[in-house]
Amino acid sequence: MPSRRTLLKGLALAAAASAVPLPAFAETGYVPPLRQMRGMWIASVVNINWPSKPGLSADEQKAEYLAWLDVAVQRKLNSVFVQIRPTADAFWPSPYEPWSQYLTGTQGQDPGYDPLGFAVEETHKRGLAFHAWFNPYRVSMQADPAKLHPDHPGRRHPDWILPFGGKLYYNPGIPEVRTFCQDAMMDAVTRYDIDGLHFDDYFYPTNTTAFDDAEEFAKYGAGFPDLASWRRNNVDLMVSEMQQRVLAAKPEIAWGISPSGIWRNKATDPLGSDTNGGQSYDNLHADTRGWVKKGWLDYIAPQLYWYIGQPPADYSKLVPWWSDVASGTNTLLWIGQAAYKAGDPAQAAEWQVPGELSRHLTLNREHPEISGDIWYNANDVKVDRIGSISTAVNDHYQRPALAPVLPRLAGGQPPKRPVLAYARRRADGVEVRAVATGRDEPFLFAIFRFDRHAGSGDFADARHLVAVVPGDRQIRWTDPDGRRGDHYYAVAVDRANRTSKPSNGFRAI
């Protein structure tokens, strides 16, 4: 377990990084939102991010994860999306699938601690949301079933898996496979205090002819006009059934998918986007637009990994297209941002411009359907090649932000109004103390600062939000920019990001 000093350092970082001076918003007319998804993906497959290599000790793995949380806090994010089932294996003691090889180097070997349990607990200590990221069908990054752990489901049920492109996959066309994959993922949902269940963009492999599921189509495909329609229905069933299982087991967690960014091109389908790229509907058999329109997701986070003006897939054309898809639905729209391309010398000249990603977020402001972004991947958020990430953060994350409330949860019971016990001028700023009044401990306290008494409408945006502090029954936080005479208020925030009424105001003395 981390030392008290390490924990206190993490809490201090969380509070300090979310506390910034009030900028002159009136100069631009931009009103910073109170709620905005600010996430990053932490990838584990082939040790992309965490752990950085297999075989690290438990203490080394823990230290690496804490460092990733520090990155999230420093970049003023509020959520992490952590890959805990990269290849039909597990980052927790699963009764369904073996321990992941990316922990120890050997599939099935106990890493000596519970990585998922540790990660969830430490993430919450910093006031960040933890979204558990699963790959639904990928079994292995190599194609030899004999290299799987002897007790792996793919070894016990060889008819469940198919080779393709040098990898192994569960066959989505077998009903037992779909149920098993759901069971394996729901085990983490029901046993751990996660904030979301997240799928990435991999469904069926892209080359339809080499994926040999003709036998299953003959067995299960009656009533479908062709193989593609049957495959699409198999993926639809996975998505719709996952929604129902999440709602039944943990209705207050978010369920969503980050698909590839093009549903269909307009040349193929008049409902498609003005693009000419790979189509998830046809290539991956993923009807991503349909999922939104049918209400099967809490959010969708299309991976719009193209620059503004890029042919044949232009970011500035895909943003309004996805906004139109989400408009009028209860599906939140977050955008997957290609942090990994910014400053990469192998990419186009447009990706060498430090402000490209910031321009993306500026464009997003024109579309109110968009309520945030997720950055891929954590290492690129950390290294900040050419200053692209810090530019976006400085331009768009001046204020802290709470994560969005799911529309279906907006009418739930909000936290009880907290009490602000005092606001006292100290040598290092103004110290405020907020105390919870309800039975449940708040997940966060949002601290607001004004130069006057605040009205009820002053808490709808983040212009006066100076800090988001990890919750407890009571918290003390020091505002380094506070002055005598400033007025402070606290708002309690629960795990669903619902907010209480503002506390009593307190004038700093």
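A residue counts as buried under 20% relative accessible area, as exposed over 50%, and as partly exposed in between. The legends below describe close-up views of a predicted model.

**View 1. The tilted pair of Phe217 and Trp230, and the accessibility of the two residues.** With a relative accessibility of 23%, Phe217 falls into the partly exposed class. Trp230, by contrast, has a relative accessible area of 1% and is therefore buried. The structure as a whole contains 29 aromatic pairs. In the pair shown here, the ring centres of Phe217 and Trp230 are 5.4 Å apart and the ring planes meet at 45°, so the arrangement is classed as tilted. The two residues belong to distant parts of the chain, 13 residues apart: Phe217 is in helix H7 (residues 214-220), and Trp230 is in helix H8 (residues 227-249).

**View 2. The edge-to-face pair of Phe448 and Phe459.** The centres of these two rings are separated by 4.9 Å, and the planes of Phe448 and Phe459 stand at 75°; planes over 60 degrees apart count as edge-to-face, so the pair receives that name. Phe448 is part of strand E14 (residues 444-450), while Phe459 is found in the loop between E14 and strand E15 (465-470). The contact thus ties together parts that lie 11 residues apart in sequence. Phe448 is buried, at a relative accessible area of 2%. Phe459 is buried as well, with a value of 10%.

**View 3. An aromatic cluster containing Trp41.** One cluster is formed by Trp41 and Phe81 together with three tyrosines, Tyr305, Tyr340 and Tyr376.

**View 4. Arginine charges over aromatic rings.** The charged end of Arg424 sits over the ring of Tyr422, at 3.9 Å from the ring centre. In a second example, the charged end of Arg495 is placed over the ring of Phe443, and the distance to the ring centre is 5.6 Å.

**View 5. The second largest cavity and its lining.** The structure holds 2 cavities of 30 Å³ or more. The second largest has a volume of about 60 Å³. Arg495 and Phe443, the partners in the second example of View 4, both belong to the lining of this cavity. The other lining residues are Asn78, Ser79, Gly127, Ala129, Asp195, Leu402, Ala403, Leu444 and Asn497. By class, the lining comprises 5 nonpolar, 4 polar and 2 charged residues.

Note on methods. Residues are numbered from 1 along each chain as its sequence is written. This is a predicted model: local features need pLDDT of at least 70, side-chain atom pairs count only at pLDDT 80 or more; totals for chains, interfaces and linings use all residues. Side-chain values use heavy atoms; hydrogens and water are left out. On a 1 Å grid over the protein atoms alone, a cavity is a set of points where a 1.4 Å probe fits but cannot get out, and a pocket is an open set with protein on both sides within 12 Å along at least five of seven lines; lining residues have an atom within 4 Å of a point. Grid points are joined across faces, edges and corners, and a volume is the space filled by probe spheres set on the points. Ala, Val, Leu, Ile, Met, Phe, Trp, Tyr, Cys and Pro count as nonpolar, Asp, Glu, Lys and Arg as charged, and the others, Gly among them, as polar. Rings of Phe, Tyr and Trp (its six-membered ring) pair if their centres lie within 6.5 Å; planes under 30 degrees apart count as stacked, over 60 as edge-to-face and the rest as tilted. Helices (H or I, at least four residues) and strands (E, at least two) are DSSP runs, numbered from the N terminus. Buried means under 20% relative accessible area, exposed over 50%, partly exposed in between (1.4 Å probe, protein chains only). A charge sits over a ring if NZ of Lys or CZ of Arg is within 6 Å of the ring centre and within 35 degrees of the ring normal.
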